[in-house]
Amino acid sequence: KREEVLNESERRMTAYHEAGHAIVAWMLPDVDPVHKVTIIPRGQALGLTQLLPEDEQFHFGERKLHAQLQLLLGGRAAEKLVYNEYGAGGEDDLLKATRLARRMVGHWGMSDTVGPVAFRFGEDHPFLGKEFHEQREFSEETAHVIDQEVQRFLNDASDAAFHLVSECRDDLDRVTEALLEHEELNRGALVELL
């Protein structure tokens, strides 16, 4: 837990951000259940929405992965809906969403445009903690198509998340106010609220 205290507008924006994640997770059947939502800053995060799978999973289909993209972009969607701008607090969400979309398109063949092929983009070296950029095995044109598909996946997920939080604005406000009051909500509290 971090000791510094956020000012009231930062707390409210963080609460809306985390409530956005929670609402998107709540509404999408292909996302694991929400276990806890908090606006207590820990590490580099200002808040956290934690999911807890009901059973161990080893294989994920496209629906679940697209739902995961929506979940990751749900906090930004709530910020845009409420404040009509994006905050800088969603950087980690964007990074995770972009990595996931790139894997969907370039590793797992989940784009009809790119097709059933896996591309090597670079590999993480487990001992040095660095990513090695190897000679690419595909053309600039193919790289451009992959980038466009990744962007399309992310834009579609962002639009869907925005639509979900817009439809559930009353729930979003209710969860936000509860977070501001209690700072942390468990699944039971969310069940009562939603």
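The following exchange discusses the sheet and a helix pair of a predicted model.

Q: What conventions apply here?
A: In this predicted model, local features need pLDDT of at least 70 and side-chain atom pairs count only at pLDDT 80 or more, while totals for chains, interfaces and linings use all residues. Residues are numbered from 1 along each chain as its sequence is written, and side-chain values use heavy atoms, with hydrogens and water left out.

Q: In which order do the strands of the open sheet stand?

A: The order is β2-β1-β5, with antiparallel pairing. Strands are DSSP runs of E with at least two residues, helices are runs of H or I with at least four, and both are numbered from the N terminus; two strands pair if DSSP finds at least two bridges between them.

Q: How many bridges join β1 to β5, and which residue of β5 is opposite Thr 38?
A: Three bridges join β1 to β5 (residues 184-186), and Thr 38 faces Glu 184 there.

Q: And how many for β1 and β2?
A: Four bridges link β1 (residues 34-38) with β2 (residues 48-51); Thr 38 stands opposite Leu 48.

Q: Changing topic, at what angle do α3 and α4 pack?
A: Helix α3 (residues 91-106) and helix α4 (residues 140-167) pack at about 125°, with axes 9 Å apart. Axes are lines fitted to C-alpha atoms, for helices over the stretch in contact (heavy atoms within 4.5 Å), and angles run from 0 to 180 degrees between N-to-C directions.

Q: Which residues of α3 meet α4?
A: Ala 97, Thr 98, Ala 101, Arg 102, Met 104 and Val 105 do.
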